[in-house]
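Hi,

Here is the structure I said I would pass on. Have a look at it first, and my notes follow below.

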Amino acid sequence: MTSPLDQAPTHIKLAVDLIMVLEQHDVAPEEVLKALEIVKSDFEKKLEKL
């Protein structure tokens, strides 16, 4: 039996995985948001280089 997540786009699966990891490590929401800003900026720079 498959779950709806099995059929989800890759970016949805990745988001769910990241949420699970962050929740398992009990990271404060404020810290997560600060870290995500850095991650987003880094990947936007990588995208510009393509």
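Before anything else: this is a predicted model, so please read everything here in that light.

I'll start in helix 2, with a pair on neighbouring turns. Lysine 40 and glutamate 44 sit 4 residues apart in that helix, which means about one helical turn separates them. Their side chains form a salt bridge, and the closest N and O atoms are 3.7 Å apart. With the cut-off at 4 Å, that pair is within the rule. As for cover, lysine 40 is exposed, at 54% relative accessibility, while glutamate 44 is partly exposed at 40%.

There is another pair with the 4-residue spacing in helix 2: aspartate 42 and lysine 46, again separated by about one helical turn. Here the salt bridge has an N to O distance of 3.1 Å. Both partners are partly exposed, lysine 46 with a relative accessible area of 43% and aspartate 42 with 34%. The total for the model is 2 salt bridges.

Helix 2 runs over residues 29-48, and it also has something nonpolar to show. Leucine 33 is located there, and its relative accessible area is 54%, so it counts as exposed. What does Leu33 form together with Leu36, Val39 and Phe43? The four make up a nonpolar patch on the surface, with a joint accessible area of about 380 Å². If you colour the surface by residue type, that is the place to look.

Now for helix 1, which covers residues 10-24. Its 15 residues reach 21 Å from first C-alpha to last, close to the 21 Å expected at 1.5 Å a residue.

Just after helix 1 comes the backbone detail I'd check in your Ramachandran plot. Which sign does phi take at aspartate 26? It is positive, at about 55°, in a residue other than glycine. For context, most residues other than glycine have a negative phi. Aspartate 26 belongs to the loop between helix 1 and helix 2. Is aspartate 26 buried or exposed? With a relative accessible area of 69%, aspartate 26 is exposed.

To recap, the items I'd keep in view are the salt bridges of lysine 40 with glutamate 44 and of lysine 46 with aspartate 42, the nonpolar surface patch that includes Leu33, and the positive phi at aspartate 26.

Cheers

Key: Residues numbered from 1 in each chain as written. Predicted model: local features only at pLDDT ≥ 70, side-chain atom pairs only at ≥ 80, totals over all residues. Heavy atoms only, no water. Patch = residues over 30% accessible without salt bridge, like charges linked within 9 Å, V, L, I, M, F, W, Y side chains within 5 Å. Areas by Shrake-Rupley, 256 points an atom, 1.4 Å probe, with all protein chains shown as cover. Helix = DSSP H or I, 4+ residues; strand = E, 2+ residues; numbered from the N terminus. Buried < 20%, exposed > 50% of the residue type's maximum accessible area, 1.4 Å probe, protein only. Expected span 1.5 Å × (residues − 1).
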